[in-house]
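Visitor: I'm new to this one and would like to poke around a bit. Can I fire off some quick questions while we look?
Guide: Sure, go ahead.

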Amino acid sequence: MSEYTPVDKATWNHASLFESYRGGEFPYINLGARVDVTRLLTRAREAGLSTYFSLIHTATATADDLEPFHLRILDGEPVRFACSTPVLTHMRPGDEIFFMMEGKTGVGVREFCLDLREKAKTPPVDEERLDVKANGLISYSCIPWLDYTHFIRTITHLGQDSNPKMSWGKYVTENGRTTVNFSVQVHHGLMDGWHVGQYFKRLQERLDAFEVE
């Protein structure tokens, strides 16, 4: 988890909305949209890298591009993390139960993917399991057997869990292009639909320019 600093609500332009939404019973936005992953799939496969891990790296880099995705709620107040730490579900071939892994921050896509490849070889024992309730995370999951539109993710301590949660389903190829429905769930006290729209715009830009370093 990266370092964080308090947000000055006196100068924060979202402060009034934060106060309105933080007490809500379900203060979350969940939006899904199709994104084109053709280039990412091609480049990642050419490099022998996991497309799943590559998409998580791209999605996390996109979040770090946008200020609202740095924000979380800690002890009832807004704070800003320097970067987000990706945590993801992973299920090995032949298994029916997933386990959680943590991705590196501040590294290129190749190092990111190879690190997770090694971690995936040995599921953690109970005492090593990640604290998915920690702040400063982005939680990822994938259900690759279904082409679904939205996925409402598990909330820890309803209204207090402010980590973004992202998920996607099955890749669909038509007319030579491959797309996937990508779902983004965020706390409404920290951002609005406009910010999520900007996230999707920036995510597609990164996907269209994807390269393996």
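Visitor: Let's start with Cys83. How far is its sulfur from the closest cysteine sulfur?
Guide: The distance is 17 Å, and the partner in question is Cys113, so the two sulfurs are too far apart for a bond. Keep in mind that this is a predicted model.

Visitor: What about Cys142, how far is the nearest cysteine sulfur there?
Guide: Cys113 comes up again: its sulfur is 14 Å from that of Cys142, and Cys142 is in no disulfide.

Visitor: How many disulfides does the structure hold, then?
Guide: Zero.

Visitor: Back to Cys83 for a second. Is it buried or exposed?
Guide: Cys83 is buried: its relative accessible area is 19%, and the cut-off for buried is under 20%.

Visitor: Okay, zooming out. How many helices and strands am I looking at?
Guide: Five helices and ten strands. The radius of gyration is 17 Å, close to the 17 Å that the globule rule gives for 213 residues, so the protein is as compact as a globular protein of that length.

Visitor: What are the spans along the principal axes?
Guide: The C-alpha trace covers about 50 × 45 × 30 Å.

Visitor: And what share of the residues is buried?
Guide: Of the 213 residues, 49% count as buried. As for the outside, the protein exposes about 10,800 Å², with carbon and sulfur atoms supplying 52% of that.

Visitor: What about charges, how many positive and negative side chains are there?
Guide: You'll find 23 positive and 29 negative side chains. The centres of those two sets lie 5 Å apart.

Visitor: How much of the contact network comes from residues 24 or more positions apart?
Guide: They account for 72% of the contacts with a separation of 6 or more.

Visitor: Show me an example of distant parts of the chain meeting. Where does Thr62 sit?
Guide: Thr62 is in helix α3, which runs over residues 51–65. Its C-alpha is 6.9 Å from that of Tyr199, although the two are 137 residues apart along the chain.

Visitor: Which residues is Thr62 in contact with, leaving aside its neighbours within four places in sequence?
Guide: Tyr199, Arg202, Leu203 and Arg206. Thr62 is buried too, at 0% relative accessible area.

Visitor: Now Ser54. Which helix is that in?
Guide: Ser54 lies in helix α3. It is buried, with a relative accessible area of 0%.

Visitor: And what does Ser54 touch, sequence neighbours within four places aside?
Guide: The contacts are Leu40, Ala44, Leu49, Val109, Cys113 and Phe210. Cys113 is the residue we met earlier, with the closest cysteine sulfur to that of Cys83. As for Leu40, its C-alpha lies 7.5 Å from that of Ser54, and they are 14 residues apart along the chain.

Visitor: Let's switch to Arg110. Is it buried, partly exposed or exposed?
Guide: Partly exposed, with 35% relative accessibility. Arg110 belongs to helix α4, residues 109–119.

Visitor: Which residues does Arg110 touch, not counting those up to four places away?
Guide: Ala47, Leu49, Val212 and Glu213. Leu49 is also among the contacts of Ser54. And Ala44, which Ser54 touches, has its C-alpha 9.0 Å from that of Arg110, with their positions 66 residues apart in sequence.

Visitor: Any strand residue worth a look? Where is Tyr28?
Guide: Tyr28 is in strand β2, residues 28–36. At 10% relative accessibility, Tyr28 counts as buried. Its C-alpha and that of Leu190 are separated by 9.5 Å, and the pair is 162 residues apart along the chain.

Visitor: Loops next. Where is Asp75?
Guide: In the loop between β3 (71–74) and β4 (77–81). Asp75 has a phi near 55°, which is a positive value in a residue other than glycine.

Visitor: Is Asp75 buried or exposed?
Guide: Exposed, at 76% relative accessible area.

Visitor: Last one: what is the phi of Asn175?
Guide: About 55°, so to speak a positive phi in a residue that is not a glycine. Asn175 sits in the loop between β9 (172–174) and β10 (177–187), and it is exposed, with a relative accessible area of 81%.

Technical notes. Residues numbered from 1 in each chain as written. Predicted model: local features only at pLDDT ≥ 70, side-chain atom pairs only at ≥ 80, totals over all residues. Heavy atoms only, no water. Helix = DSSP H or I, 4+ residues; strand = E, 2+ residues; numbered from the N terminus. Rg over C-alpha atoms; globule rule 2.2 N^0.38 Å. Buried < 20%, exposed > 50% of the residue type's maximum accessible area, 1.4 Å probe, protein only. Contact = heavy atoms within 4.5 Å. Areas by Shrake-Rupley, 256 points an atom, 1.4 Å probe, with all protein chains shown as cover. Lys, Arg positive; Asp, Glu negative; His and termini not counted. Charge placed at Lys NZ, Arg CZ, Asp CG, Glu CD. Disulfide = S-S within 2.5 Å.
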